[in-house]
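Me: Here's a model I'd like to go through with you. Please pick one part of it, look at it closely, and then tell me how that part fits into the rest.

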Amino acid sequence: VYPNPVQGELKMNFEKEGSYKAVITDITGRKVLENMFELNGKFEHSLSTSNMAAGFYHLSLLLNNEQVYKQRLIVQ
């Protein structure tokens with residue numbers, strides 16, 4: 001997941017194909033963004049953060065509804 005801090009577009013690289021869900025929450029736990037996507041032969045995906053206010057967030061990535069990654073994000 002890069003860049004962090006992010007300004008505009010968050011890029012993600014993956015090792016496995018499958019059905020993914022990206023969930024971004026603010027520091028209070030409120031869901032700010034949820035994006036479901038399928039990776040078939042392509043191991044990268046990006047999310048726009050341009051509609052998000054500057055601040056601290058948490059990103060959770062789920063593969064087939066199992067959490068596989070969690071990271072703190074800074075949106076500028």
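Reply: Ala 22 stands opposite Asn 35 in strand E3, so let's start from that pair and follow strand E2. A strand here is a DSSP run of E with at least two residues, numbered from the N terminus. One caveat up front: this is a predicted model, where local features need pLDDT of at least 70 and side-chain atom pairs count only at pLDDT 80 or more, while totals for chains, interfaces and linings use all residues. Residues are numbered from 1 along each chain as its sequence is written, and side-chain values use heavy atoms, with hydrogens and water left out.

Back to the pairing. E2 and E3 run antiparallel and are joined by eight bridges; two strands count as paired if DSSP finds at least two bridges between them. The two make a hairpin with four residues in between, and Gly 29 in that turn has a positive phi of about 95 degrees.

E2 (residues 18-26) also pairs with E5 (residues 55-63), again antiparallel, this time over seven bridges. On that side, Asp 26 has Tyr 57 of E5 as its bridge partner. Zoom out a little and you get an open, antiparallel sheet of four strands in the order E3-E2-E5-E6. E3 (31-39) and E6 (66-75) are the edge strands; each has a single partner, so one side of each has no neighbour in the sheet. On average, neighbouring strands of this sheet are turned by 20 degrees against each other, direction ignored; the angle is between axes, which are lines fitted to C-alpha atoms, and angles run from 0 to 180 degrees between N-to-C directions.

How enclosed is E2 by the rest of the structure? Seven of its nine residues are buried, so E2 is largely enclosed. Buried means under 20% relative accessible area, exposed means over 50%, and partly exposed is in between (1.4 Å probe, protein chains only). Thr 25, which sits in E2, counts as buried at 19%. Skipping residues up to four places away in sequence, Thr 25 touches Arg 30, Lys 31, Val 32, Tyr 57 and His 58, where a contact is heavy atoms within 4.5 Å.

From E3, Phe 37 reaches back to Ala 22. Leaving out neighbours within four places, the contacts of Phe 37 are Met 12, Phe 14, Gly 18, Ser 19, Tyr 20, Ala 22 and His 45. Phe 37 is also among the residues with the most contacts inside the largest nonpolar core, along with Phe 14, Ile 24 and Leu 59; that core has 18 residues. By nonpolar core I mean buried Ala, Val, Leu, Ile, Met, Phe, Trp, Tyr and Cys residues joined through side-chain atoms within 4.5 Å. E1 (9-13), E2, E3, E5 and E6 each put at least two residues into this core, and E5 gives the most, with four.

Over at the E6 edge, have a look at Tyr 69. Tyr 69 is partly exposed, at 32% relative accessible area. Beyond its neighbours within four places, Tyr 69 is in contact with Val 1, Leu 59, Ser 60 and Leu 61. C-alpha to C-alpha, Tyr 69 is 11 Å from Val 23, although 46 residues separate them in sequence.

As for the whole chain, there are six strands and zero helices. The radius of gyration is 12 Å, close to the 11 Å that the globule rule gives for 76 residues, so the chain is as compact as a globular protein of that length; the radius is taken over C-alpha atoms, and the rule is 2.2 Å times the number of residues to the power 0.38. Of the 76 residues, 34% count as buried. Among contacts with a separation of 6 or more, 53% come from residues 24 or more positions apart.
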